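Reader: I should be grateful for a close look at a single part of this model, with its surroundings described residue by residue. Please state each cut-off as it arises.

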Amino acid sequence: MIQLIFKKSQLFFIYLIFFVAIISGCKKNSDFQPIQKTYVPETVIGSETANAFSFATVKKALEKLRNKKKESGVATMSDNQIMRSFEDITPSHKYVRFAPADVEQLSQLLDAGLELFDVPLMSEIIQEGEFYQDPSIPDDQITYQYTLVPYDYPLPSNIPFVILDEIFLFNETPGEYQLPDYWSGSNGNAANTESLQSRQVNNLTSLNTIEDYVLRNGDPVIEATDYLLHNQFNPTEVYNTAMELAGGRDLISIRWYDPGGGGSGGGGGSGGNVNTIPGVPSGRLLVRNTEMPIDEPVKGVTVKARRFLKLEIKQTDRNGRFQMTKQFRNKATVIVKFKNSRITTRGIYLGLLLPWQYVFPIRQNLGSWSKDNINNITHTFIMDRDERSLSTRSWTGATTMNAYWDTDEFNRENGIITPPHLKVWLSNGGLSIDQWASAPMLNYVFSSADYGSRTFLAHSLATFSAVADLLLLASAPYFAVHKRIIESNKPDITLRYSLFGNNKTWALTSENFYNTFMHEFSHASHYWGLVLQNGREGTDYYLSNIRYVLKNGGYGERDRDGAERTGIIEAWGFFAGDRAFERKYLQGTYASSPEARQLAGRAIRRLDRHQFDLDDALFLEGRGRDDNFYRGWIPAGLLQDLNDDIELDNFHLNDNFSGYSINSIFKCLQFPNNTAGDFRLRLISKRPVNVQPLQIENLAREFGYGN
């Protein structure tokens, strides 16, 4: 369950919680001096501008346009009594400033799907930065959080807030007519799965998600736009008039086609004005691969563009490209968040930013882009060899997102279901522990409503506490705050990294990072397969392994009851992780790269030969049955030999058959296999037609898993 590189004397801390396995990492040896900690820029804001979307301003704009129509003799629906007094128009949103008192309240807002900003939404940005702390709020307290919420959305009673204004937000140009309310947190195309997961699995939040509200009550931005069109008001003219009343900025010349035919905003023909408008954000995001000659696209990350109340959210595709549709007529701030509807990354980076900001997903502000360059946004995330820097933080986030995307594609190709949402925690190194990773699946295993007993609750709270302690070694002075953040956002996958190995050479590489995460993501898929196949019994199986590790201080001894279960679980992590790693480097961006073929071959050779570096295996107290520490302990090579077509170098004498697909091997692991004998019998019962039981018995015996 854990991949790691560290001294044996530090194992006690890791043994307390997780399953332990080892990966050989190919590390480049390059001597250098670490640079100083990168400066973290703070956002500088100016004065607040007049809000053209203020409900009061929009009503004045409508009155002005209505009077203009009357003066010109145009008869419209606005001649009736209701429209003369505007009795039926209501705000679409509330502009709210929250003042969360602690990380639990901040997490509650995020779980509800709120799009939160630490700067007032109507303030001019003088200098883009990574964070803003209101000068009236002490540094050790959470600063104000600003957002828009649908007008009738129920605000939480336990979190302090102030309603700053009532808003009438609408789409002002034809190309934006049916675009959703991005303030609702839906990202425009998918539900907030993390919010759904938190509500269904944790059952902790008392605040309904905005997605639920919009599904029940309708999209407020589209409804506001329809209101204007239904009453024959041209949204573009309403926008321009409101802007003039608010100071005259960001005016537009395009005219909206009026479907009613009698209003002042008609474009005439049936197609209306659909000319391409400049200032629409688009671009490409890349991440540096430390072993490859070219950079690779960042897949599935969230990109947000905002100027005042105008907001759009998209995700990058498999080529790292994103294309928005809203026009930002002056400039916009572009922010990348390393999350999507399937995965959220969070991180604790010792010495960076303010501790409460680690509640949010890992993010990077790409700065302010003008209408002249906003349609050609390019950025490459590069690690700068400073483990506490913003650059390294974003590099780890981008690389994690790619590892998830590639593993999920591997799963889908092989009929394996990835968990609906994963919470990933990244932490830079502390003390002398260089790297470790795990897949405890805490948000699922320790939060299920089926486990409500006091005994289990006490056990899970103790486990959370120990996990937080492991992640937060040397994180003073904010240890207590960080710990509460972790316990409020229980991780499913964790990684603690350092840029240096024990010999003080370079340790953090793309190869190491991808292989580690593909191993851990494979554990997550195994857990989810157990649950889908066996329900509560699948979770019990996973819990039994955790209890075994707690009881035995790690692997314990090879012949102890439960040790074989750990070996079987880890075998899948190594096998599926290496196979996903091979797939990544033989397809897509690096399909024709000789460096990629070398990496892929090294992963498969490791499985075929069933050998790992002895230095990485020294922590096994109860080693395998001969000098190969993994023999009789973690049969990763057994799974490979069941599937491969050709034995590499004839390394295993009994590997004289194949035919098990990756999916069929996984199905044999979807059942609680507590011993090697259980697993072997399952393989025999699910064997291909051309495979004899004796062949499986002989091969398993070669790996120390025979009778």
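Author: A residue is called buried when its relative accessible area is under 20%, exposed when over 50%, and partly exposed in between, using a 1.4 Å probe and protein chains only. The model is predicted, so local features need pLDDT of at least 70 and side-chain atom pairs count only at pLDDT 80 or more, while totals for chains, interfaces and linings use all residues. Residues are numbered from 1 along each chain as its sequence is written, and side-chain values use heavy atoms, with hydrogens and water left out.

The part chosen is helix H18, residues 636-643. Helices (H or I, at least four residues) and strands (E, at least two) are DSSP runs, numbered from the N terminus. In H18, 8 of the 8 residues are buried, so the helix is largely enclosed by the rest of the structure. These residues are Ala636, Gly637, Leu638, Leu639, Gln640, Asp641, Leu642 and Asn643. Contact means heavy atoms within 4.5 Å. The buried residues of H18 pack against helix H15 (563-586), helix H16 (594-609), helix H19 (662-669), helix H20 (676-685) and helix H21 (693-702).

One of these neighbours, H15, also meets helix H13 (residues 510-534), the two axes coming within 7 Å and crossing at roughly 130°. Axes are lines fitted to C-alpha atoms, for helices over the stretch in contact, and angles run from 0 to 180 degrees between N-to-C directions. H13 is therefore oblique to H15; angles under 35 degrees count as roughly parallel, over 145 as roughly antiparallel, 65 to 115 as roughly perpendicular and the rest as oblique. H13 passes H15 in a right-handed crossing, where the near helix is turned clockwise from the far one by less than a right angle.

On the H13 side, the residues in contact are Glu511, Tyr514, Asn515, Met518, His519, Ser522, His523 and His526. Their counterparts in H15 include Ile569, Trp572, Phe574, Phe581 and Tyr585, as well as Glu570, Asp578 and Lys584. By class, the contact between H13 and H15 has 9 nonpolar, 7 polar and 4 charged residues. Here Ala, Val, Leu, Ile, Met, Phe, Trp, Tyr, Cys and Pro count as nonpolar, Asp, Glu, Lys and Arg as charged, and the others, Gly among them, as polar.

Burial is found in a strand as well: strand S9 (residues 302-307) has 6 of its 6 residues buried. Thr302, Lys304 and Arg306 are buried on one side of S9, and Val303, Ala305 and Arg307 on the other.

How values were computed. Two strands pair if DSSP finds at least two bridges between them.
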